[in-house]
Amino acid sequence: MSKQKELEVIKPIPALCKVEDTLDIFTGKWKTMILLELLHGGTKRFGELKVALSGISQKMLTAQLRELEEHDIVERIVYPEVPLRVEYKISSYGRSIEPILRMMHEWGQLHAERRQKKLLGKN
């Protein structure tokens, strides 16, 4: 493959770039926390998620879960019991986000270290 072809494969064309589509999944104060909780804590009931995500309102948790469910990232499992039992888990498709979150975490650590050094005057 020529160098030009390699660059075309690696460099997305801005008009066709899907970064915005990807970021849309994470948009929302609580979505990444919900995803991390489900990825590392496994299947959870609504109340368990609410407790784990201290400070989130019921309305916000419901809205964020619905959006993640619409994107097929989270599965909502309803058990026909009395009282009704509902659980949430990461879908098999949603698991594909894990490496992205890991890379974002690693970059965030590097960025925080860089900022700290800059604040201390150590370039």
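In what sense do E2 and strand E3 pair, and over how many bridges? I shall begin with that question and then turn to the helices, the largest pocket and two points of backbone geometry. Please bear in mind throughout that this is a predicted model.

The answer is that E2 and E3, the latter formed by residues 85–90, pair in the antiparallel sense, and 6 bridges connect them. Two positions on E2 illustrate the register: Val74 stands opposite Ile90 in E3, and Ile77 stands opposite Glu87 in E3. The connection from E2 to E3 is a hairpin of 5 residues.

E3 has a second partner. E1 and E3 also run antiparallel, joined by 2 bridges, and here Lys44 stands opposite Tyr88 in E3. Taken together, the strands form an open sheet of 3 strands in the order E1-E3-E2, with antiparallel pairing. Strand E1, residues 44–45, and strand E2, residues 74–79, each have a single partner strand, so they stand at the edges and one side of each is left without a neighbour in the sheet.

What packs on this sheet? Helix H3, residues 31–41, does so, and it touches E1, E2 and E3. The direction of H3 makes about 90° with that of E3.

Let me place these elements in the whole chain. The protein has 6 helices and 3 strands, and from the N terminus on the order is α-α-α-β-α-α-β-β-α. Of the 123 residues in the protein, 22% are buried. Among contacts with a separation of 6 or more, 49% are between residues 24 or more positions apart.

One residue of H3 deserves individual attention, namely Lys31. Is Lys31 buried or exposed? Its relative accessible area is 1%, which is under the 20% cut-off, and Lys31 is therefore buried. If we set aside the neighbours within four places in sequence, Lys31 is in contact with Asp24, Ile25 and Phe26, and also with Gln64, Glu67 and Leu68.

H3 also brings us to the largest pocket, since H3 and helix H6, residues 98–119, each supply at least two residues of its lining. The volume of the largest pocket is about 180 Å³. The residues that line it are Thr32, Met33, Leu36, Leu39, His40, Glu98, Leu101, Arg102, Met104 and His105. By character, the lining divides into 5 nonpolar, 3 polar and 2 charged residues.

I turn finally to the backbone. As background, most residues other than glycine have a negative phi, and most peptide bonds are trans. Which peptide bond in this model is cis? It is the bond from Val82 to Pro83, with omega near -5°. Pro83 lies in the loop between E2 and E3, that is, in the hairpin connection with which I began.

The second point concerns Asp72, whose phi is near 65°, a positive value in a residue other than glycine. Asp72 has its place in the loop between helix H5, residues 58–70, and E2.

To summarise, the model shows an open sheet in the order E1-E3-E2, with H3 packed on the sheet. H3 and H6 both contribute to the lining of the largest pocket. The loop between E2 and E3 contains Pro83, and the loop between H5 and E2 contains Asp72.

Note on methods: Residues numbered from 1 in each chain as written. Predicted model: local features only at pLDDT ≥ 70, side-chain atom pairs only at ≥ 80, totals over all residues. Heavy atoms only, no water. Pairing = 2+ DSSP bridges. Helix = DSSP H or I, 4+ residues; strand = E, 2+ residues; numbered from the N terminus. Contact = heavy atoms within 4.5 Å. Axes fitted to C-alpha atoms, helices over the stretch in contact; angles between N-to-C directions. 1 Å grid on protein atoms, 1.4 Å probe; cavity = no way out; pocket = protein on both sides within 12 Å on 5 of 7 lines; lining within 4 Å. Points joined across faces, edges and corners; volume = space filled by probe spheres on them. Nonpolar A, V, L, I, M, F, W, Y, C, P; charged D, E, K, R; others polar. Buried < 20%, exposed > 50% of the residue type's maximum accessible area, 1.4 Å probe, protein only.
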